[in-house]
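User: I'd like to learn how to read the overall features of a model before zooming in on one residue. Can you walk me through it?

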Amino acid sequence: MERALKKLDGVQDVNVNLTTKRATMKYDSNIIKISGIKKAIEDAGYTPLDLEMSVGVDRDKIAKENEIRTLRERLITAAVFTVPLFYISMGHMIGMPLPKILDPAYNPLNFALVQMVLAILVMFAGRKFYTVGYKTLFRGTPNMDSLIAIATSAAFIYGLYAVIKIMGGNSDMVMELYFDSIGVIITLIMLGKYLESVSKGKTSEAIKALMGLQPKEATIIRDGKEIKIPIEEVEVGHVIVVKPGEKIPVDGIVTDGHTSVDESMLTGESIPVEKNKGDKITGGSINKNGSITFETQKVGKDTVLAQIIKLVEDAQGSKAPIARMADVIARYFVPVVFMIAIVSSGIWYITGKPIEFVLTIFISILIIACPCALGLATPTAIMVGTGRGAEYGVLIKGGEALETAHKTDTVILDKTGTITEGTPKVTDIITEQGILEDELLAVAVSAEKGSEHPLGEAIVRAGEEKGVELKNVEQFMAVPGHGIEAVIENKNVLLGNKKLMTDKNIEITLQNESDRLAVEGKTPMYIAIDGKLAGIIAVADIVKGSSKDAIDALHDMGIEVAMITGDNKGTAEAIAGQVGIDIVLAEVLPGDKANEVKKLQEQGKKVAMVGDGINDAPALAQADIGIAIGSGTDVAMESADIVLMKSDLRDVATAIQLSKKTIINIKQSLFWALGYNSIGIPIAAGVLYLLGGPLLNPMIGSAAMAMSSVSVVSNSLRLRKFKPLHLI
Amino acid sequence: MKIATKTLHVKGMACAACSANLERSISKIEGVIKAAVNLTTEKLTVEYDPEQTGVEQFTEIIDKLGFRVEQDELKEITILVEGMN
């Protein structure tokens, strides 16, 4: 059996134990499912029973914690030896007591040797600097560790030279030991690395939170019984039970029960959503108050949650164009710093400075130079920025999208489903004298019952909401393109557009109201009973509550807003007027949307296109930034650069703001990192000394170097506090 | 030409010089279209032609530069089996 399992693709480290009757293995869930492994066991002639998962083990987290723990232990070791080292070398200068056996005035050799031993112990705690540093140096690809390794080695060799001199009787050399510098440099740089590692852990909190949404188990109904199975074993078609307060394990469709579901962790929408039979539910959301059963539709990496996680992970791993410059600098940085260190100390040597002065220059330059800060600026900011976006249901697909979005100066909004709700609703019911609103609606609903026309469906929905009673329809005839002719309870009923009324010689008496509705961009449906106009029911695709706020916010950011629609000019202008659109692109056929985007781009504009439908996909791809909004179809998500989980236009402004903040943050970090190196290195080279100032102490250099990468990461972490304007 | 994309978790990069070196070394491999190293997430993403190169070669380069690849897509399970003697 072991052989059979080993042959499987994606299975490793198989171990079959005959006494415990257990087969243990590692498997890649992207390649093989547990059901596949079980099948292989069956095929080999055995019967697989229960399985035990290493439930709840987050290997990434454990690895990270181990790494941080190792860093901390080594840091503490280094510090434990550095403190006495520093005390022995410096304490006596400010009058601190030192036992006579170590006093440089009486026992200079002991004084030097003890420091040397302590320094060796610190170097041992920081041995990684030497193993990695020298290895990469000899391979011709020196890195930061090489800088530290060379600098401290040089100090150590000089210290050794001083010790030999002291042995030879030259006790003046006790003032020229570099052992304390070695200790302090290594300890401070380790402190910097440790702090950096801790802060870096915080940058991935957002994605960890998303991963944490995935429940580990699901309760399925099998043979009429409820049984708990690990999430990995859930398959499409399983029927799952979710009790109040539990998390929904995977995606599916409700088959029984009703409840409200908190989807805020996925979409950023804080109001719970009602779910009834036939509604879609998403894995990772929380079932609030009702018990439901649902049929699984998507599992594993196909679920919405898995796709969001993948999208955010990919984005966080991607590179922004702005990082390219930093990368180029980083590549040449270390060799260049070596050159600067050799050349500067060489020049000082030629001018006749003593060897310890030259050595200080050499060490200081190597120590203060910090390529880390440069390399960390962009990826950490992108990581925190995209993570924060995900918390608000704003998924930015990569560094490039994030960087382009901040340049947006024109936003094109698709009308239907983006600015408006997307499903027409009855907005007005106007009646002639003597006719009740409900009465008119009841007639209309009865006539339209079973209609598949969107306007008819809107009327039927309105009737259901109001609970009107249906009337008996005796005769029914559809007049294509015009409306309906029916006999309802012995009355002749006509329901349709203006054309139908004029064809049947019905006088339109409610002319003023009808004109007003047209101006408001609504579609009037005329109803005549027994040859006389009885009233008008107006239907419109109404504007979403947040659309105007969103467009105002974009205007405040100096962005021009256009609307694109297939509607006629009149209706389009009416909607545009309500929400404050700058440019109206009306009567655009679905296939021409991409072309309209292109036309605006040709005017030199940076265009973001916002849409939700399949026929928006080419336009989303054509735009500089394609934004798929809410309930977006998979196709639109595919061609979009930014995906908004909620159907709220204000998130367009949020996405652009987040992009701006992130880019500003990156620029700040790069500015500090570059500035730090371009000021630090000249000071270390002795520029201040030339001007009559002090020489940089290598220990202070190491403190500055440690702080620079910590400050860059901390700056990026500030993005965690980003809040969309409409929530402030 | 078929294009494959693979993401590897690379441990042991000390700073931006390391990530820049790795990125350049991987990019130089015949058949690699694009390589990107992210220092913060410690991830290497490679787009490549699977007929010309593959993960083995990337791993070799990573090892040579003194870093290591961490396997992070594996899960461990234990299955109780009946019928074994």
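**Charges, shape and one leucine**

Analyst: Sure, let's start with charge. This is a predicted model. Chain A carries 75 positive and 86 negative side chains, and the centres of these two sets sit 9 Å apart.

User: How many helices and strands are there in chain A?

Analyst: Chain A has 27 helices and 25 strands. Its radius of gyration is 36 Å, well over the 27 Å from the globule rule for 728 residues, so chain A is more spread out than a compact globule. You can set that beside the extents: the C-alpha trace spans about 130 × 75 × 45 Å along its principal axes.

User: What percentage of the residues in chain A count as buried?

Analyst: It's 51% of the 728 residues. As for surface, chain A has about 33400 Å² accessible, and carbon and sulfur atoms account for 56% of that. Contacts are worth a look too: taking those between residues at least 6 apart in sequence, 66% join residues at least 24 apart.

User: Now a single residue. Is A:Leu177 buried or exposed?

Analyst: The cut-off for buried is under 20% relative accessible area. A:Leu177 comes in at 10%, so it is buried. You'll find A:Leu177 in the loop between α6 (144-167) and α7 (179-203).

User: Which residues does A:Leu177 touch?

Analyst: Leaving out residues up to four places away in sequence, A:Leu177 touches A:Phe111, A:Ala112, A:Gln115, A:Gly159, A:Ala162, A:Val163 and A:Ile166. For a sense of distance, pick A:Thr282: it is 105 residues from A:Leu177 along the chain, and their C-alpha atoms are separated by 67 Å.

How values were computed. Residues are numbered from 1 along each chain as its sequence is written. Chains are lettered from A and ligands numbered from 1 in the order in which they are written. This is a predicted model: local features need pLDDT of at least 70, side-chain atom pairs count only at pLDDT 80 or more; totals for chains, interfaces and linings use all residues. Side-chain values use heavy atoms; hydrogens and water are left out. Helices (H or I, at least four residues) and strands (E, at least two) are DSSP runs, numbered from the N terminus. The radius of gyration is taken over C-alpha atoms; the globule rule is 2.2 Å times the number of residues to the power 0.38. Buried means under 20% relative accessible area, exposed over 50%, partly exposed in between (1.4 Å probe, protein chains only). Contact means heavy atoms within 4.5 Å. Accessible areas come from the Shrake-Rupley method with a 1.4 Å probe; for residues, only the protein chains shown count as cover. Lys and Arg count as positive and Asp and Glu as negative; His and the chain ends are not counted. The place of a charge is taken as NZ of Lys, CZ of Arg, CG of Asp or CD of Glu.
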